[in-house]
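Visitor: I have a model on my screen and little practice in reading one. Could you take me through some features, one at a time?

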Amino acid sequence: MREPAPYAARPGLSRGRRHRETAPVNRSEYQRDRDRIVHSTAFRRLEYKTQVFVNHEGDLFRTRLTHSLEVAQIARAVARSLGLDEDLTEAIALAHDLGHTPFGHTGQDALNACMKPHGGFEHNLQSLRVVDLLEQRYAAFDGLNLTFETREGILKHCSLGNARRLAELGERFIRRRQPSLEAQLANLADEIAYNNHDVDDGLRSGLVTLDQLAEVGIFARHMKAVLAEHPRLAGRRLIHETVRRMIDTLVTDLTRTSAANIRARAPRTIEEVRAAPPLIGYSRAVREESLELKRFLRENLYRHYRVVRMSAKARRIVTDLYGAFVADPRLLPPEFQTRAREDAPRAVADYIAGMTDRYAILEHRRLFSIDET
Ligand code: MG
């Protein structure tokens, strides 16, 4: 096995788990975290949760599961070339979306609006709640009992108010320090994955066109190069070849720039990484191009009227479900009723956040249509 770089997270030097456990035998602490995440219920639910398109809109669009796998693939490749801990990187990438509600950001915004008087709802914090509390699989503890470093990576951002309640995990938001390089990397890999697959899904759905994308720098540049080499290439293969080259450009630049940042700062330990400015990043030129692509997707895909219509329905479903359950917690399944006795809004938010898109649609029908049971 390759010697890890000094600035990499080291399983032997982990800040540990909340509940003491014996050390794993044939795998590292971070491999154990990764394995626990893959076996969790929340991970399986990612298959039926979406980001932009609702699950029933088509079989070929990305789901949160395939998205998380793409993030893990990109992050691991970069982790390996930078000498970071691949297992920790992968664990964070696979867990980063576990707390997402059904219906992507619309679902989260709707639930946050409902929860405003009760502490709000943040999907990042919810991912942490899933691995710390909501998964019920182990005899000795609630949650998955992951290492500090994986939990630190999952909590990408959080409000100052919540940070103060989170003790050692919230500390970095108050002291403005960075997480491990593995966490910084998983975060950027997330962005590379969704920007590129949203281009692909946007084209597949017909909501954005090749003509529109020809106005976006990074896409236009690569499509032109592809057509120069393969003048007769068209349709999906032209799109795939172009997107493949865009991902390659972003990954190559990220690796090169981050390696240079790390060399210049030369952190000797993960603690020095935490005290340094962010070291994983793009060059200025590629960051600009990436921002331009993001802007394009926001204006043309995420705000497309067909997406907005679906979002309006999703918002209504989440808001209706929340209202009905809070008004009468007896409508909740028994295990959530028990929790609702202590804190009804939070128990309802946990129940709704755990739903897949199709489950939320079905549950809405069950509660609001007299024909359903
Ligand atoms: Mg993501």
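Guide: Let us start in a loop. Phe103 is found in the loop between H4 and H5. Keep in mind that this is a predicted model.

Visitor: What is the phi of Phe103?

Guide: The general idea comes first. Most residues other than glycine have a negative phi. Now the case here. Phe103 is not a glycine, yet its phi is positive, about 65 degrees.

Visitor: Is Phe103 buried or exposed?

Guide: Phe103 counts as buried, because its relative accessibility is 5% and buried means under 20%.

Visitor: Which residue in the loop between helix H13 and helix H14 should I look at next?

Guide: Take Ala266, in the loop between helix H13 (235–265) and helix H14 (270–275). Ala266 also has a positive phi, near 45 degrees, and is a residue other than glycine. Its relative accessibility is 44%, so Ala266 counts as partly exposed.

Visitor: Now the metal. Which residues coordinate the magnesium ion?

Guide: To read a metal site, list the donor atoms, then place them along the chain. The magnesium ion is coordinated by NE2 of His67, NE2 of His96, OD of Asp97 and OD of Asp190. The distances run from 2.1 to 2.7 Å.

Visitor: What spacing do the donors follow along the chain?

Guide: The donors of the magnesium ion follow H-x28-H-D-x92-D. Look at the two histidines. His67 is in helix H3 (residues 64–82), and His96 is in the loop between helix H4 (86–95) and helix H5 (104–115). They are 29 residues apart, so this pair links distant parts of the chain.

Visitor: Are His67 and His96 buried or exposed?

Guide: His67 is buried, at a relative accessible area of 0%. His96 is buried too, at 6%.

Visitor: And Asp190? Which residue forms a salt bridge with Asp190?

Guide: For a salt bridge, look for a side-chain nitrogen of Lys or Arg within 4 Å of a carboxyl oxygen of Asp or Glu. Asp190 pairs with Lys156, and the closest N and O atoms are 3.0 Å apart. Asp190 lies in helix H10 (residues 181–205), and Lys156 in the loop between helix H7 (148–154) and helix H8 (160–165), so the pair ties together parts 34 residues apart in sequence. Asp190 is buried, with a relative accessible area of 7%. Asp190 is also one of the residues that coordinate the magnesium ion.

Visitor: How many salt bridges does the count come to?

Guide: The count comes to 37 salt bridges. One of them joins Arg76 and Glu90, with the closest N and O atoms 3.7 Å apart. Arg76 lies in helix H3 and Glu90 in helix H4, so this pair ties together parts that are 14 residues apart in sequence. Arg76 is partly exposed at 30%, whereas Glu90 is buried at 11%.

Visitor: Which residues are joined with Arg76 and Glu90 in one network?

Guide: Salt bridges can share partners. Here they join Arg27, Arg34, Asp35, Arg76, Arg80, Glu86, Asp87 and Glu90.

Visitor: Where does Tyr30 lie, and how many residues separate Tyr30 from Glu86?

Guide: Tyr30 lies in helix H1 (residues 29–38). Tyr30 and Glu86 are 56 residues apart in sequence, and their C-alpha atoms are 8.8 Å apart in space. Tyr30 is buried, at 0% relative accessibility.

Visitor: What distance separates Pro179 and Thr150 in space?

Guide: It is 10.0 Å, C-alpha to C-alpha, with their positions 29 residues apart in sequence. Pro179 lies in the loop between helix H9 (171–174) and H10. Its relative accessible area is 8%, so Pro179 is buried.

Visitor: Back to salt bridges. Which residue meets Glu135 in one?

Guide: Arg137, at 3.6 Å from N to O. Compare the two accessibilities. Glu135 is buried at 6%, and Arg137 is partly exposed at 37%.

Visitor: Last, the surface. Which residues gather in a patch of positive charge?

Guide: For a charge patch, look for like charges on the surface that have no salt bridge. Here the patch is made by Arg309, Lys313, Arg315 and Arg316. Lys313 is found in helix H16 (residues 305–327). At 47% relative accessibility, Lys313 counts as partly exposed.

Note on methods:
Residues numbered from 1 in each chain as written. Predicted model: local features only at pLDDT ≥ 70, side-chain atom pairs only at ≥ 80, totals over all residues. Heavy atoms only, no water. Patch = residues over 30% accessible without salt bridge, like charges linked within 9 Å, V, L, I, M, F, W, Y side chains within 5 Å. Areas by Shrake-Rupley, 256 points an atom, 1.4 Å probe, with all protein chains shown as cover. Lys, Arg positive; Asp, Glu negative; His and termini not counted. Charge placed at Lys NZ, Arg CZ, Asp CG, Glu CD. Helix = DSSP H or I, 4+ residues; strand = E, 2+ residues; numbered from the N terminus. Buried < 20%, exposed > 50% of the residue type's maximum accessible area, 1.4 Å probe, protein only. Donors = N, O, S within 2.8 Å, 3.2 Å for Na, K, Ca; no water.
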